[in-house]
Amino acid sequence: MRDSDKYVGKRFSALWQLTLVRWREFIREPEAIFWTFLFPILLAAGLGLAFRDRPPETVHVGVLQSAQVLQNVDSNSVHPINVQALDSNKLVAVSTFDDDSAAAHALRIGSVALVVSVDSNGSLKYTFDPSRPESRSARSIVDETLQRSAGRTDPLSVSEVRIDEKGSRYIDFLIPGLLAMSIMGTGIWSVVFSIVTARTKKLLKRLVATPMSRMQYLASFVVARFVFLLGEVTFLLAFGRWVFGVPLRGSLLSVFAVALLAAFSFNALGLLLASRAKTIEGVSGLTNFVMFPMWICSGVFFASTNFPDAVQPFIKALPLTATVDALREIMLHGVSLSAVLPEIGILFAWLSISFVVALRIFRWR
């Protein structure tokens, strides 16, 4: 065997042994297994049930009874409150009050969303807080009901068709975001804690004295993520498909390709965060500082387009935003990898820059 072959074999053996260490560290930590595999499932199940398809919610309305409220709904002298019409509406729950203070108290504590009364001119009066969505909904429903009971007719006939298209539900929007968030969390935290713990225990100082190269040590974290990523992605996608019927319109291979690149990018970012940290407390604060804006802005739980246009370029440049957008495009819209090349470029840039900088500034002592 040539000397060059022996050299390559030794370098590969060192990388393989370091990768085995990463795997063993992971499977010996129950917390890591929980946050990687079980937490995304529990979060998806909870939010999926919270935003499941439900019938319209009932609005609670207070009716202020007074001398001006007539029992004869056909009277032309005033516009009476037709309590019977409100009671017949399944979307309305009616409570009656005899005086203003009781009605005002019920509205103040939130037991009713709207108080209906009649003013001195005989007109209907709605008292509500417009900042409460349920109050605005109650106002619309009650007014529609009372106006129709008074004989209002609509000049145009309408019909209603309700659809439940898979791919447009909140749970369909949520699963790719949770998958991306899980990849980010496990990719960063697994690296920073392992490296800083080794540094605090003086293990890095010993490792640097071995024939192992710095690149091999850092690369072992990236390579080790590949095995666990397969289970992480498969588990969450299977759960979403089986429990909620979340569609996968694109190629499963494309999903894995994006997830793999994202995992490597977040691993590299974790290496950069842990390159100089000396304590667990210090790296925890730094990691939360980096990850928290991405949790909020990158569109995991709601669309990132809700933020002002001025900050959109910065949000789009975040690695979590690129991961979420690419996974949603592939899973929900069925696009190919070529259609998400901008997102792939962003992830590759984060991977390259973070790994190179981490390799240059990494502190071994």
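How many of the six residues of β1 are buried? Five of them are, and that leaves β1 mostly covered. Hold on to that strand, as I'll come back to it in a minute. Before that, one caution: what you see above is a predicted model.

Okay, the whole protein. We have 365 residues here, and 42% of them count as buried. In terms of building blocks, there are 13 helices and four strands. The accessible surface comes to about 20,100 Å², and carbon and sulfur atoms hold 62% of that. Now take the contacts between residues with a separation of 6 or more: 76% of those link residues 24 or more positions apart.

Let's go to the sheet. The four strands make an open sheet, in the order β2-β1-β3-β4, and the pairing is mixed. At the edges sit β2, residues 92-97, and β4, residues 124-127, and each of these pairs on one side only. From one strand to the next, the twist averages 25 degrees.

If you're new to sheets, here's the background: strands pair through backbone hydrogen bonds, and they can do that parallel or antiparallel. In this sheet you can go looking for both kinds. β1 and β2 run parallel, with six bridges joining them. One place to look is His60, whose bridge partner in β2 is Ala93. On to the next pair: β1, residues 59-64, and β3, residues 114-118, are also parallel, over three bridges. There, Gly62 has Val115 as its bridge partner in β3, and Val63 has Val116. Then the direction flips, as β3 and β4 pair in the antiparallel sense over four bridges. In that pair, Val118 stands opposite Leu124 in β4.

Now let me stay with β3 for a bit. Why do we say that β3 is largely enclosed by the rest of the structure? Because five of its five residues are buried. You can go through them face by face. In a regular strand the side chains alternate between the two faces of the sheet. For β3, that puts Leu114, Val116 and Val118 on one side, with Val115 and Ser117 on the other, and both faces are covered.

Compare that with a residue on the edge strand. Leu124 is in β4. Is Leu124 buried or partly exposed? Its relative accessible area is 25%, and buried would mean under 20%, so Leu124 counts as partly exposed. While you have Leu124 on screen, find Ile81 as well: the two are 43 residues apart in sequence, yet their C-alpha atoms are 7.4 Å apart in space.

Next, what lies across this sheet? Helix α5, residues 133-149, lies across β1, β2, β3 and β4, and it runs at about 60 degrees to β1. A good residue to click on in α5 is Ser135. Its relative accessibility is 0%, so it counts as buried. Leaving out residues up to four places away in sequence, Ser135 touches Ala113, Phe128 and Asp129.

Let's leave the sheet and look at some helices. Val255 lies in helix α9, residues 252-274. This one is buried too, with a relative accessible area of 0%. So who does Val255 touch, not counting residues up to four places away in sequence? The list is Val233, Leu237, Leu248, Leu327, Ile330 and Met331. Val255 and Glu329 are also worth a look, as they are 74 residues apart in sequence and 9.8 Å apart in space, C-alpha to C-alpha.

My last stop is a pair of helices. Helix α12 covers residues 319-333 and helix α13 covers residues 341-361. Their axes come within 9 Å and cross at roughly 145 degrees, and the crossing is left-handed. Which residues meet there? From α12 you have Pro319, Ala322, Thr323, Asp325 and Ala326, and from α13 you have Glu343, Ile346, Leu347 and Trp350. Sorted by type, the residues of this contact are six nonpolar, one polar and two charged.

So what should you take away? Go back to the sheet and trace β2-β1-β3-β4 for yourself. Then find α5 lying across those strands, and finish at the crossing of α12 and α13. That's my tour, thanks!

How values were computed:
Residues are numbered from 1 along each chain as its sequence is written. This is a predicted model: local features need pLDDT of at least 70, side-chain atom pairs count only at pLDDT 80 or more; totals for chains, interfaces and linings use all residues. Side-chain values use heavy atoms; hydrogens and water are left out. Axes are lines fitted to C-alpha atoms, for helices over the stretch in contact, and angles run from 0 to 180 degrees between N-to-C directions. Helices (H or I, at least four residues) and strands (E, at least two) are DSSP runs, numbered from the N terminus. A crossing is left-handed if the near helix is turned anticlockwise from the far one by less than a right angle, and right-handed if clockwise. Contact means heavy atoms within 4.5 Å. Ala, Val, Leu, Ile, Met, Phe, Trp, Tyr, Cys and Pro count as nonpolar, Asp, Glu, Lys and Arg as charged, and the others, Gly among them, as polar. Two strands pair if DSSP finds at least two bridges between them. Buried means under 20% relative accessible area, exposed over 50%, partly exposed in between (1.4 Å probe, protein chains only). Accessible areas come from the Shrake-Rupley method with a 1.4 Å probe; for residues, only the protein chains shown count as cover.
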